[in-house]
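Thank you all for making the time this morning. Please have the sequence and the model open side by side while I talk.

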Amino acid sequence: MGGNGSEKKVSGWRSPAWWDGRARGSIGIVFFVVFMAVLPLWANYVSKPLGIDLVFVLRLVGVFTIAAVGLNLLLGYAGQVSLGQGAFFAIGAYTSSLLAVKVGFPVWLGIIAAVAIAAVFGLLVAPVLRLKGHYLAMATLGLGIIVFVFLRELTFLTGGNDGVRNIPGLAIPFVEATTKISEYYYVWVIAVIVLLLCGNLVRSRVGRAMQALHQSEVAAEAMGVNVSGQKIRIFVLSAALGGLAGGVYAHLQGYIDPNMFSITLSISLLTMVVVGGMESIWGAVAGAALITFLPKVVEAIPKWVGDAPRWLERYSNYEGIIFGLILMLTMVFMPSGISRGLTDLVRYRRSPFVNPFRKKVVE
Amino acid sequence: MHLGSIADFFGNCPQYIANGLANGCIYILVAMGFNIIFNSTGIINFAQGEFCMFGGLFAFTFAVTLGLPLPLAILLAILATALIGGGMERLLIYPLRHASIITAIIATVGASIFFKALGRLFWPKEAYKVPEFTSGNFTVPGATVSRQFLWVLGLTVISVVLVYLFFNHTRAGKAMRACSVNRQAASLVGINVSRMSLYSFLLAATLGGIAGLINAPYASYGIGLFLGIKGFTAAVVGGLGNTFGAVTGGLVLGLLEELIPGFLTVVLGVSTGYKDAVAAILLVVVLLLRPQGLLGKGVAEKV
């Protein structure tokens, strides 16, 4: 599936056998963990000259990575388009922050509750998975809108448009102050665990079943995959990860209101998955990083250039233009995502670009 | 629950029905746009609501900013919106004609965000007032109705009739219907499938543009998503791909959207904010219980 015609003899550099085995995965993970552990120590030095609070943004990248990995299981691996991941994110955020603010739950317990409630909600709405393609996409979009309206209107519980304030911050036990750096480690420890678990999941029996039903549900059924059961399990897992990300996010921000969880959030998460690469666990990290940093970079450009051109001032207008263009161009030229397209380029030394205007002989 | 408040609710009913019909007409036009594109290409265009946004914003620009006479401004606005639809088909949908459904969905979602951001870039403020074709109100027993409503009703009826005639009595319309039944067979009998796809986007954008400019009194960059999901709901309620289904669905949704929140607010004292969720709830319920729609006979894609 790594691009069209991968069964052809591959020319170019071939990696040795030991490198293609488990070793590559393990070494990659070790490198990644060490890199992420050292990153904030360096980030503090460059934050000022860059004009971007690097540690702050990196924490958000961690949060969105968790939600994007969850969505990627559903969208990339199982082939089910969901435009409602933001709803689970919102449910997680509200569960955890309301428990902390109104009941006085410790943060970690609130986040566990957020995961549980989001999963339960996922199970409740799982019947939408009977729908396919456009119908599923629209139904999940509808769910997102319903959750949004209820968060806004159930004022006695959620505070309505005023939101929830004074949410306690994340804190690692045994670390005294809730510094930005300690929050960074809190977020990324969770994110790395999620990445490892999901990476193992997609290589397992369940993962293979998932990819089978992406290819053809009829064929998967014939091979003995319980298609509807499998889809529901993945949907609930994806919802739970959305809830986890939302819970962490709320404690990171200290304040939430319904407008943070509009359709825009679901679409940003979709963009992360698509850009990072569908069917790629690490792609979610790349996608989350790119999509989270992009607006901050555009925002910071005026500070870099000094005498900023006037059109940059309304930067927020450009976010939608950039995201929309990214989604369209990626789908037309690299339908399996940028990270996968570039990997193919490096591995097979051939263009990953699809030529969409090529006429097919057989319609 | 108070008996008096129930009487209040029934007293307000004519007004709810009048408002519901006016909104329903707009949903009908959006739903027909979804249907036409779905029939000829098999995709749901998530940017359909953005065509309405462009219709309204262009009409404002031509009529108010440039000061053109209203009929000319309206014509130009519809033309400009149709061009955007055609451009979208050539640049995005045509290259994706062999792509999977997921790819097509994500691409049209991308188009929708892109259009919305363009709208926000060029028309930055919140809402613009497109002039009413004829201003003022008139009263019928129990309700005050704006004169604009007659235009909305008239234009919708004319559009529905023209679309019906187009699909049933013209060569191009019949060819487009053939594409909806079987693209390969249509292509084998000499129908230019890709041109039909272009026509369908032009037509859908035209209808969307009309819906946007009669969506009085306000046009803004944010209306696309809401009109889009409501139009889709109307299409699904009636049965996706069916013109009369769109009419039924639009009217049902328009009326429910007024009557349900009206009842909840007047009788039970619930906030009117829930109105925004009516379409989404109706959409999910209909998709789950009767995905082929009220009028549909065929079975929608469902496992």
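I will go through a hairpin, a helix, some aromatic rings and a cavity, in that order.

Before that, a word on conventions: this is a predicted model, in which local features need pLDDT of at least 70 and side-chain atom pairs count only at pLDDT 80 or more, while totals for chains, interfaces and linings use all residues. Residues are numbered from 1 along each chain as its sequence is written, chains are lettered from A and ligands numbered from 1 in the order in which they are written, and side-chain values use heavy atoms, with hydrogens and water left out.

Let me begin with the hairpin in chain B. Strand β2(B), residues 137-140, and strand β3(B), residues 143-146, run antiparallel, and 4 bridges join them; strands here are DSSP runs of E of at least two residues, helices are runs of H or I of at least four, both numbered from the N terminus, and two strands pair if DSSP finds at least two bridges between them. B:Asn137 stands opposite B:Ser146 of β3(B), and of the turn, which has 2 residues between the strands, I would point out B:Gly142, with a positive phi near 90°. Which side chains of β3(B) are buried? Those of B:Ala143 and B:Val145, which point to one face, whereas B:Thr144 and B:Ser146 point to the other and are not buried; buried means under 20% relative accessible area, exposed over 50%, and partly exposed in between, with a 1.4 Å probe and protein chains only.

Next comes helix α4(B), residues 101-122, whose 22 residues should span 32 Å at 1.5 Å a residue, and the end C-alpha atoms are indeed 32 Å apart, which agrees; the expected span is 1.5 Å times one less than the number of residues. This helix is mostly covered, with 18 of its 22 residues buried.

Now to the aromatic rings. A search of the whole structure finds 28 aromatic pairs over all chains, where rings of Phe, Tyr and Trp (its six-membered ring) pair if their centres lie within 6.5 Å, and planes under 30 degrees apart count as stacked, over 60 as edge-to-face and the rest as tilted. One of these pairs, A:Phe89 with A:Phe261, is tilted, at 6.1 Å centre to centre and 45° between the planes. Because A:Phe89 lies in helix α4 of chain A and A:Phe261 in the loop between α11 and α12 of chain A, the pair ties together parts that are 172 residues apart in sequence. Both A:Phe89 and A:Phe261 are buried.

In chain B, B:Phe60 and B:Tyr128 form a tilted pair too, at 4.6 Å centre to centre with 50° between the planes. This pair links helix α2(B) to strand β1(B), 68 residues apart. B:Phe60 is buried at a relative accessible area of 14%, and B:Tyr128 is buried at 11%.

Finally, the cavities: how many of 30 Å³ or more does the structure hold? There are 2, and about 40 Å³ of space lies in the second largest. On a 1 Å grid over the protein atoms alone, a cavity is a set of points where a 1.4 Å probe fits but cannot get out, and lining residues have an atom within 4 Å of a point; points are joined across faces, edges and corners, and a volume is the space filled by probe spheres set on the points. Among the residues that line the second largest cavity are A:Ser82, A:Phe88, A:Phe121 and A:Phe235, and α4 and α6 of chain A each supply at least two residues of this lining.

Conventions
1 Å grid on protein atoms, 1.4 Å probe; cavity = no way out; pocket = protein on both sides within 12 Å on 5 of 7 lines; lining within 4 Å.
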